[in-house]
Amino acid sequence: MRRKISIILTILMIGMLGVIVSGLTFGEPGEHPMDRYFIENSQIESGANNVVTAVLFDYRGFDTLGEAAVLFTAALGATLVLRKRRED
Amino acid sequence: MQMSSIVKTTADILFPFILIYGLYIIIHGHLTPGGGFQGGAILASGVLLLLLAYRYTESTKIVRQVVMKSFESTGLLLFIIAALSAMVIGAGFFFNWLSPGGFIFGDVVAYGSAVANLNTGGLIPMMNIAVGLEVVGAISVILLALLSGIKEKI
């Protein structure tokens, strides 16, 4: 009984997901004014030829700072969990 | 377990090339695809190659955990200092004050699709180097911590 209910529920949820996903439009993101702005002005404003790097380190520097802090914390946690313990 | 001499020789030959490629990706981060994160990951893959080819006790003589920890801390500190250094001239946090006319990386960038000049970008190449140091340190520390638990038969 439980098995049948779980199978029916799974099919129902997959069907709901399919209905929701089929209504979305993929591959055609809407135009945003910032798209053109980054391509046209990032070279002059930041002095870097690579637009991705200009966004990563200039326009969104705080994001990169957070990423670096996350990586630092990950290494700290790994060494803390996997440190050598005294056997007693 | 001891790896065969084929693996060891291949690792010995490939390791300097991986280092050079990673450094290239980091230093040219503001000109070509790539940057600090990607180049640091490539450098850490070279460290992983050494760790896999040799025994843990042998490879930690070359790649020491203390050195990697100091790389990690130095990279994050350099990144924050580079971001703070804009406050010296009275600009905001993360302002790229070196970009036109700084003492280093200070050339004016040629607009459009021109020949790339390494001496441009201001603070961006410095931050790339700092992030590259931090990433290679962090990933190597994680790898060393994970691989330290392996019991090896000699």
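**Helix α2 of chain A and the contact with chain B**

In this predicted model, Gly47(A), which lies just after α2(A), adopts a positive phi of about 85 degrees. Helices (H or I, at least four residues) and strands (E, at least two) are DSSP runs numbered from the N terminus. Residues are numbered from 1 along each chain as its sequence is written, and chains are lettered from A in the order in which they are written. Because the model is predicted, local features need pLDDT of at least 70 and side-chain atom pairs count only at pLDDT 80 or more, whereas totals for chains, interfaces and linings use all residues.

The preceding helix, α2(A), comprises 14 residues and spans 19 Å from its first C-alpha to its last, close to the 20 Å expected at 1.5 Å a residue (1.5 Å times one less than the number of residues). A kink of about 45 degrees is centred on Glu40(A), the bend being the angle between axes fitted to the seven residues ending there and the seven starting there. Ser42(A), Gln43(A) and Ser46(A) are the buried residues of α2(A) (20 or more other C-beta atoms, placed from the backbone, within 10 Å of their own). Their cover includes α3 of chain A and α5 (123-147) of chain B.

Between the chains, 22 residues of chain A are in contact with 33 residues of chain B (C-beta atoms, placed from the backbone, within 7 Å). On the chain A side, α2 (33-46), α3 (51-59) and α4 (61-81) each give two or more residues; the largest share, ten residues, comes from α4(A).

Notes: Two residues are in contact if their C-beta atoms, placed from the backbone, lie within 7 Å. A residue is buried if 20 or more other C-beta atoms lie within 10 Å of its own, exposed if 12 or fewer, and partly exposed in between; C-beta atoms are placed from the backbone.
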